[in-house]
Amino acid sequence: MGISGLLPALKSIQVTRHISEYSGKTVAVDAYVWLHRGVYSCATELATGKITNKYVDYAMHRVRMLQHHKITPYVVFDGGPLPAKKGTESDRKSKRDENLARGNAFMAQGKMSQARECFIKCIDVSPEMAYQFIKARFFHALRAESVPYVVAPYEADAQLAYLEQAGFVDAILTEDSDLLVFGCQTVLFKFDVVAATVVSISRKDFGSVAASSGDANGISLIGWSDVQFRAMTILSGCDYLPSIPGIGLKTACNLLKKWRTADAVIRAIGIEGKKSVPVGYLKQFKLAEKCFLHQRVYCPRQEKLVYLSEVGSDWNNEFDAYVGG
DNA sequence: TCTTGGTCTATAT
DNA sequence: TAGACCAAGA
């Protein structure tokens, strides 16, 4: 899901670049989108248990594309769901099962195109499939071409952020605006294989994001710290915490300008009384912050799990239970 | 003016 | 599925 409206709000610092501009660099790749798009090409085969490797071809085509331009890809896969998000997994599973059953019913009637529609909906890139994906084909293909890869203990986002922060890679290729919240410096969106371009957003440009009259989606980030930027995105609603109803990106931005800190903003909304602050919202907010800052990731150098950023003295077991053990 | 929820569309065969 | 885009309502 990412942060709704964040990319349009950062329009003024988006730069379309030819990927050859990253020649000589190492780029971390979020495998999720490639997997998702790849399975479209063979949804029927996958759902009915046929063996296929078309989705590997799809991803490897992109890997080779990067290599062709002398870019070293570092492929990152999702691991298990973060404890913070567990709730949504089971109802997704039941929806998948439902679509699988409907697809099979259509197929029994010979209605292949309608069956395919259902199969597309039931295909999800589950950790099992990602695992199968690596093991069956992609793994060998990457190994054969000495392409580094890593499976995140939890979310790929945090792992991607760690790889950049720790100096393993120079940039991150993804479709998820959350990477900016995780503190990444150079994030590349909208990889276009035909034009061989990406849309780059650099953190160093945040300071020049100013609300201009011509841009209805604009926000101003002049003089903002990472703490404030992160607070704005969490307040506007993120994967870990829905927003207080009625608070979007703009309102969060304006309130933070006025009150400086998230604590003060949440207090002010409560005192004003026009919007109802859910019980425990401040606490949930703090936990969401922890997920963005200290989620568990794998360090390829130390070969063990580490925190995305080191935790402070206020850390406790409850936080650990939230960001992964 | 901003949020929210709806619809549309690309994905690739 | 998820982002882009649009219209309605607060």
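What follows is a walk through the predicted model above, from the DNA strands to the aromatic pairs and then the salt bridges.

Let's start with DNA strand B. The residues around this strand are Tyr40, Ser41, Tyr58, Arg62, Pro245, Gly246, Ile247, Gly248, Leu249, Lys250 and Thr251. Sorted by class, that surface comes out as 5 nonpolar, 4 polar and 2 charged residues. Two helices, α4 (54-68) and α11 (249-259), each put in at least two residues. Helix α11 is the top contributor to the surface near DNA strand B, with 3 residues.

Which part of strand B does the protein meet, backbone or bases? Of the strand B atoms within 4 Å of the protein, 81% belong to sugar or phosphate, and the rest belong to bases. You can see this in a few individual contacts to phosphate oxygens. Tyrosine 58 has a side-chain N or O atom 2.4 Å from a phosphate oxygen of DNA strand B. Glycine 248 brings a polar backbone atom to 2.7 Å from a phosphate oxygen of this strand. Lysine 250 also uses its backbone here, with an N or O atom 3.4 Å from a strand B phosphate oxygen. If you were expecting the lysine side chain in that last contact, check the atoms: the one in question is a backbone N or O atom.

Stay with tyrosine 58 for a moment, since its ring has company too. The charged end of arginine 62 sits over that ring, 3.7 Å from the ring centre. Both Tyr58 and Arg62 are among the residues surrounding DNA strand B, so look at the two together when you have that part of the model on screen.

Now swing over to DNA strand C. Here the surrounding residues are Met1, Tyr32, His36 and Lys190. By class they split into 2 nonpolar, 1 polar and 1 charged. Lysine 190 is the one to click on: an N or O atom in its side chain is 2.7 Å from a phosphate oxygen of DNA strand C.

Next come the aromatic rings. How many aromatic pairs does the structure hold? There are 7. One of them joins tryptophan 34 and phenylalanine 191, whose ring centres are 6.2 Å apart with the planes at 35°, so this pair counts as tilted. Tryptophan 34 belongs to helix α2 (residues 31-40) and phenylalanine 191 to strand β6 (residues 186-192), so the pair ties together parts that are 157 residues apart in sequence. Are these two residues buried or exposed? Tryptophan 34 is buried, at 7% relative accessibility, and phenylalanine 191 is buried as well, at 12%; under 20% is what it takes to count as buried.

A second pair, tyrosine 307 with tryptophan 315, is edge-to-face, with 5.4 Å from centre to centre and 70° between the planes. Tyrosine 307 is buried at 13% relative accessible area, and tryptophan 315 is buried at 16%. Tyrosine 307 also has a charged residue over its face: arginine 296, at 4.0 Å from the ring centre. Elsewhere, Phe182, Tyr240 and Phe292 form one aromatic cluster.

Finally, the salt bridges. The count comes to 8, and three examples give you a feel for them. Lysine 54 bridges to glutamate 45, with the closest N and O atoms 3.1 Å apart. Lysine 54 is partly exposed, with a relative accessible area of 39%, and glutamate 45 is partly exposed at 22%.

Lysine 204 and aspartate 205 meet in another salt bridge, at 3.7 Å from N to O. Lysine 204 is exposed, at 69% relative accessibility, whereas aspartate 205 is partly exposed, at 22%.

The third example runs between lysine 283 and glutamate 318, at 3.2 Å from N to O. This bridge links distant parts of the chain, with lysine 283 in helix α13 (residues 281-294) and glutamate 318 in helix α14 (residues 317-323), 35 residues apart. Both ends are partly exposed: lysine 283 has 48% relative accessibility and glutamate 318 has 38%.

Notes. Residues are numbered from 1 along each chain as its sequence is written. Chains are lettered from A and ligands numbered from 1 in the order in which they are written. This is a predicted model: local features need pLDDT of at least 70, side-chain atom pairs count only at pLDDT 80 or more; totals for chains, interfaces and linings use all residues. Side-chain values use heavy atoms; hydrogens and water are left out. A residue is near a molecule or strand if one of its heavy atoms lies within 4 Å of it. A polar contact is a pair of N or O atoms within 3.5 Å; within protein, one must be able to donate a hydrogen and the other to accept it, and residues adjacent in sequence count only if both atoms are side-chain atoms. Ala, Val, Leu, Ile, Met, Phe, Trp, Tyr, Cys and Pro count as nonpolar, Asp, Glu, Lys and Arg as charged, and the others, Gly among them, as polar. Rings of Phe, Tyr and Trp (its six-membered ring) pair if their centres lie within 6.5 Å; planes under 30 degrees apart count as stacked, over 60 as edge-to-face and the rest as tilted. Helices (H or I, at least four residues) and strands (E, at least two) are DSSP runs, numbered from the N terminus. Buried means under 20% relative accessible area, exposed over 50%, partly exposed in between (1.4 Å probe, protein chains only). A charge sits over a ring if NZ of Lys or CZ of Arg is within 6 Å of the ring centre and within 35 degrees of the ring normal. A salt bridge is a side-chain nitrogen of Lys or Arg within 4 Å of a carboxyl oxygen of Asp or Glu.
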